[in-house]
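Please read the following walk-through with the sequence and the coordinates open side by side. It goes from confidence to chain layout, then to the cores and some single residues.

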Amino acid sequence: MLWRALLLALGVLAAPAVASGQQLNLTISPLLVTFPTTDPDTAPVLSAPPVTVQYRVRGNGNRPWLLTVQASGDLISGLSRIPASAVTWVATPAPPFRAGTMSSTQAQTLAAGNGNVNPTTTGTVTFQLTNSWTYDAGLYLQTLTFTLSTP
Amino acid sequence: MRKTLWKVGLSTAAVVLLSSSAAYAQLATQNINATAVVAARGRITLTGAINFPDTDPFGNPTIDAAPLTVQALARVAPGASVSLTVQAGGNFVSGTDQIPIGNLSWSSAGAGYNATGTMSSATAQPVGNWTGPGANNGSQTYTLLNDWAYAPGNYSVTLTYTLTSP
Amino acid sequence: MNTALVTSAVILLAVVVIEAQRGITVLLVNLPAQARLSFSTASVTFPDADPTSTPLVASVPVDLTISVRARVQTNSQVTLTVQSTDDLRSGVTVLPASLITWTVTGSGFTGGTLSRSAPQLVGRWTGSGVRVGAQNYRFENRWTHPVGIYSATLVYTLASP
């Protein structure tokens, strides 16, 4: 009996979370987002080309869903850094998308809602960087991780 | 659950990007125009006093005053002539008594200063001549003829110096 | 009974796993070295004055405000210099550029004497940033200067060697 119970539990764990759980799909493009190069007097804020966020939530009933974004660290070029918090964004459609400020320590809410999102819905995020003469010259990079979840 | 498939692509892109170096701008320039205005002007500086103490004409037929320091400052065009003259306002006067101004003469020292001269109230007398801008320093020592015919009194006269450049 | 309890507990554990999907993008910011130099005015004038009463003539305006904006590699030096293209010239008459001197206000700025033969240091800093200061120019006024209106072009150069 015990062996049968354990086998049953393993079967529950091994099967895809479809019949009894939510199904989440998330696609981010492009892979690389490049800010334009302009001096701070001309452009005190730099705007990157828009990032497309395609997401789908199924089997969620009336429960909440959450889309967050977090930087893996500050923008880095050798020894030089630009704080992640210098990056902000605006997003559409609002709601469920909302504007925000990047963080490397805590995931920031990009969009939130309740229930299902079906069919796949597209949002657009435009990242902006405060342009400053105090930044060192360099080629700065950082990874942003988007997470779609149903907490 | 779908697995993200772009981790490999990300690594490749990151390697390509990190291998390129940022451009290094070196220079910005700007011009400012500077202008200095130097206009024609002149200044005469006289230091000292011309006093002739009372002395016995028998032993002192002439009386010398202490030297007068003269500075003729002129800012003129290159090669322009500069002249300094002096003219008396009349004779020496003490009440109704007079001493002829022609009894007053001088000797000078300094580059461009005339060696001697005799005062006049009718015409300006040359003191010095120069060419071009500069500070022309010299001195004058005035001499008064000491005559028994002078009536006692305190005599005075005004001398006017004029610096000109045509 | 115990078997049923164990079964229930295992199934319960299976359904509390949080569902999540992740996506990634990479931000790229290319900040090349850049510089911008700006002044409060494009010209300064030394008015005529009596050399005895005013041996040093202040420029008009009195302050030449300078804004230095530079974005450079970390810890790179940034220098601002000035050099006259010629002596002060009025027709064929020339006065030495060295008759013009300056004092300054503002951190990193340096006083000096104008030269036509070599750039003279006006300011020196380290790293990127915005620096604002002012130069106060003076012209040495002499009775020996021939009459004229003298001019020269001052070339300011901002560099990160």
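The paragraphs below describe a predicted model.

Confidence comes first. Chain A has an average pLDDT of 89, and 87% of its residues score at least 70. Residues 5-20 of chain A are an exception to take note of, with pLDDT under 50 throughout; the model gives this stretch 17 contacts beyond four places in sequence. For chain B the mean pLDDT is 86, and 84% of the residues reach 70 or more. Here the pLDDT is below 50 over residues 1-25, a stretch that has 36 contacts in the model beyond near neighbours in sequence. Where pLDDT is low, predicted coordinates should not be read in detail. The contacts of residues 5-20 in chain A and of residues 1-25 in chain B are therefore best left out of any detailed reading.

Next comes the layout of chains B and C. Chain B contains one helix and 12 strands. Along its sequence the helix is written ahead of the strands, in the pattern α-β-β-β-β-β-β-β-β-β-β-β-β. Chain C contains one helix and 13 strands, and from the N terminus its elements run α-β-β-β-β-β-β-β-β-β-β-β-β-β. Of the 166 residues in chain B, 17% are buried; of the 161 residues in chain C, the buried part is 34%. In chain B, 71% of the contacts with a separation of 6 or more are between residues 24 or more positions apart. In chain C, 72% of the contacts between residues at least 6 apart in sequence join residues at least 24 apart.

One sheet of chain B can be followed strand by strand. Strands of a sheet pair through backbone hydrogen bonds, either parallel or antiparallel. In this open sheet three strands of chain B lie in the order E10-E5-E12, and the pairing is antiparallel. Strand E10 (125-131) and strand E12 (159-164) of chain B are the edge strands, each pairing on one side only. From one strand to the next the twist averages 15°. Strand E5 (residues 81-88) of chain B is joined to E10(B) by six bridges, and the two run antiparallel. Within this pairing, B:Val82 has B:Trp130 in E10(B) as its bridge partner.

What do the nonpolar residues form? In soluble globular proteins, nonpolar side chains tend to be buried together. The largest nonpolar core in this model has 83 residues, and the members that touch the most others are A:Leu110, A:Phe127, A:Phe146 and C:Leu27. Strand E12 (residues 138-149) of chain A gives the most to this core, contributing six residues. A second, separate core has eight residues, among them B:Ile99, B:Leu104, B:Trp106 and B:Leu144.

C:Leu27 shows how the larger core reaches across chains. Apart from neighbours within four places in sequence, C:Leu27 is in contact with A:Val33, A:Leu75, A:Val87, A:Phe127, A:Leu141, A:Gln142 and A:Leu144. One of these partners, A:Phe127, is also listed with C:Leu27 among the core members that touch the most others.

B:Ser108 is a useful residue to look at in chain B. B:Ser108 sits in strand E8 (residues 104-109) of chain B. Is B:Ser108 buried or exposed? B:Ser108 is classed as partly exposed because 19 other C-beta atoms lie within 10 Å, whereas a buried residue needs 20 or more. Beyond four places in sequence, the contacts of B:Ser108 are B:Tyr113, B:Asn114, B:Ala115, B:Val127, B:Gly138, B:Ser139 and B:Gln140. B:Gln98 is 10 residues from B:Ser108 in sequence, and the C-alpha atoms of the two are 26 Å apart in space.

Some backbone details remain, and they lie in loops of chains A and C. The peptide bond from A:Ser29 to A:Pro30 is cis, with omega near 0°. A:Pro30 is in the loop between strand E1 (23-29) and strand E2 (32-35) of chain A. Another cis peptide bond joins A:Ala94 and A:Pro95, with omega about -10°. A:Pro95 belongs to the loop between strand E8 (87-92) and strand E9 (100-101) of chain A. In chain C, C:Asn75 has a positive phi of about 65° although it is not a glycine. C:Asn75 is located in the loop between strand E5 (64-71) and strand E6 (77-84) of chain C. C:Asn75 counts as exposed because it has 11 C-beta neighbours inside 10 Å.

How values were computed
Residues numbered from 1 in each chain as written. Chains lettered and ligands numbered in written order. Predicted model: local features only at pLDDT ≥ 70, side-chain atom pairs only at ≥ 80, totals over all residues. Helix = DSSP H or I, 4+ residues; strand = E, 2+ residues; numbered from the N terminus. Buried ≥ 20, exposed ≤ 12 C-beta atoms within 10 Å, placed from the backbone. Contact = placed C-beta atoms within 7 Å. pLDDT = per-residue confidence, 0-100. Core = buried A, V, L, I, M, F, W, Y, C linked by C-beta atoms within 7 Å. Pairing = 2+ DSSP bridges. Axes fitted to C-alpha atoms, helices over the stretch in contact; angles between N-to-C directions.
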